Amino acid sequence: SNPLLAAAPGGRIIFSINDNWKFLPEGMAYANAPNTDDSRWQTISLPHTWNASDPFDDDKTYKRGIAWYRKTLELNEQLKGKEVYLYFEGANQVADVYVNGAFAGEHKGGYTAFAIDITPFLQWGNGSKNLIAVQVNNAHDPFIPPLDIGYALYGGIYRDAWIIATDKLHFKEINNNAAGVFISTPSVSKD
């Protein structure tokens with residue numbers, strides 16, 4: 001059994017995927033494809049930003065644009081039959097997520113967590129490996145707040161990332177970008 005797998009309250013299995021990512025600080029066609037060679041990419045761990053030194057150098061600019069992250073996952077067979085989510089605590093500012101070359105989802109907004117259901121894209125058995133590729137873009141976008149800030153808009157997957165596996169019947173991992181269960185009473189009567 002995998003020592004990284006840990007049972008969480010509610011029967012969930014949660015483990016970190018922060019270690020051993022490949023990073024390319026630029027755009028690249030087909031970076032999401034499983035057969036793309038990433039052996040010359042930087043090896044990094046999350047949290048990560050490509051702007052870490054920008055506020056401290058003499059250059060008055062900082063990198064804004066596209067970069068790629070890739071990680072190969074070998075998932076334990078005990079996750080088969082569960083709903084499996086990629087959970088990012090923060091990626092600035094637009095994250096396009098691919099699994100085994102297929103587009104799995106997009107999140108806009110660098111300051112909110114998000115979960116993407118990757119169950120339909122996973123491969124199982126015979127030592128299957130699953131490629132996670134994330135294109136992150138921190139270029140200025142007039143439709144994504146904040147529009148005017150007094151500090152560097154750090155690009156990257158700058159918070160922790162997790163795999164969360166749930167039973168088929170479960171509470172949603174993310175509800176309006178917040179974890180937890182929320183109950184509302186839109187109308188109240190004597191009954």
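**View 1. Arg-70 sits across from Ala-133, its opposite number in strand 10.** This is a predicted model, in which local features need pLDDT of at least 70, side-chain atom pairs count only at pLDDT 80 or more, and totals for chains, interfaces and linings use all residues. Residues are numbered from 1 along each chain as its sequence is written, and side-chain values use heavy atoms, with hydrogens and water left out. Strand 5 (residues 66-73) and strand 10 (residues 130-137) pair up in the antiparallel sense, over 8 bridges. Strands here are DSSP runs of E with at least two residues, while helices are runs of H or I with at least four residues, and both are numbered from the N terminus. Two strands count as paired if DSSP finds at least two bridges between them. Arg-70 also makes a salt bridge with Asp-38, with 2.8 Å between the closest N and O atoms. To earn that name, a side-chain nitrogen of Lys or Arg has to be within 4 Å of a carboxyl oxygen of Asp or Glu. Arg-70 belongs to strand 5 and Asp-38 to the loop between strand 3 and strand 4, so this is a link between distant parts of the chain, 32 residues apart. Both Arg-70 and Asp-38 are buried, meaning under 20% relative accessible area, whereas exposed means over 50% and partly exposed lies in between (1.4 Å probe, protein chains only).

**View 2. Here is the open sheet, with 6 strands in the order 4-3-5-10-7-8 and antiparallel pairing.** Which strands stand at the edges? They are strand 4 (42-44) and strand 8 (102-108), and each has a single partner strand, so one side of each has no neighbour in the sheet. On average, neighbouring strands of this sheet are turned by 25 degrees against each other, direction ignored. For that angle, axes are lines fitted to C-alpha atoms (for helices over the stretch in contact), and angles run from 0 to 180 degrees between N-to-C directions. Zooming out to the chain, you get 0 helices and 11 strands.

**View 3. Strand 7 (residues 94-99) is mostly covered, with 6 of its 6 residues buried.** In a regular strand, side chains alternate between the two faces of the sheet. Look for Val-94, Asp-96 and Tyr-98 pointing one way from strand 7, and Ala-95, Val-97 and Val-99 pointing the other way. Strand 7 runs antiparallel to strand 8, joined by 6 bridges, and it is also joined to strand 10 by 6 bridges, again antiparallel. Asp-96 has a partner on each of these strands: Glu-106 stands opposite in strand 8, and Gln-135 is the bridge partner in strand 10. In the hairpin of strand 7 and strand 8, there are 2 residues between the strands, and Asn-100 takes a positive phi near 50 degrees.

**View 4. This is the largest nonpolar core, which has 32 residues.** The residues with the most contacts inside this core are Trp-21, Tyr-69, Phe-88, Ile-118 and Val-134. A nonpolar core is a set of buried Ala, Val, Leu, Ile, Met, Phe, Trp, Tyr and Cys residues joined through side-chain atoms within 4.5 Å. A second, separate core of 6 residues includes Leu-24, Ala-31, Trp-41 and Ala-133. In soluble globular proteins, nonpolar side chains tend to be buried together.

**View 5. Ile-163, found in strand 11 (residues 161-166), is the centre of this close-up.** Is Ile-163 buried or exposed? Ile-163 counts as buried, because its relative accessibility is 0%. Leaving out residues up to four places away in sequence, Ile-163 touches a list of residues including Phe-15, Leu-73, Val-84 and Ile-118; a contact means heavy atoms within 4.5 Å. Ile-13 is another of the residues touched by Ile-163, and the C-alpha atoms of the two are 7.9 Å apart although they are separated by 150 residues along the chain.

**View 6. Glu-83 lies in strand 6 (residues 83-88).** Glu-83 counts as buried because its relative accessible area is 15%. Among the residues that Glu-83 touches, not counting those up to four places away in sequence, are Asp-117, Thr-119, Asp-167 and His-170.

**View 7. Lys-82 and Asp-167 meet through their side chains in a salt bridge (2.8 Å, N to O).** Lys-82 is in the loop between strand 5 and strand 6, and Asp-167 is in the segment after strand 11, 85 residues apart. Lys-82 counts as buried at 17% relative accessibility, whereas Asp-167 counts as partly exposed at 39%.

**View 8. Lys-129 and Glu-74 form a salt bridge too, with 4.0 Å from N to O.** Lys-129 lies in the loop between strand 9 and strand 10, and Glu-74 in the loop between strand 5 and strand 6, so the pair ties together parts 55 residues apart in sequence. Lys-129 counts as partly exposed at 47% relative accessibility, and Glu-74 is exposed, with a relative accessible area of 55%.
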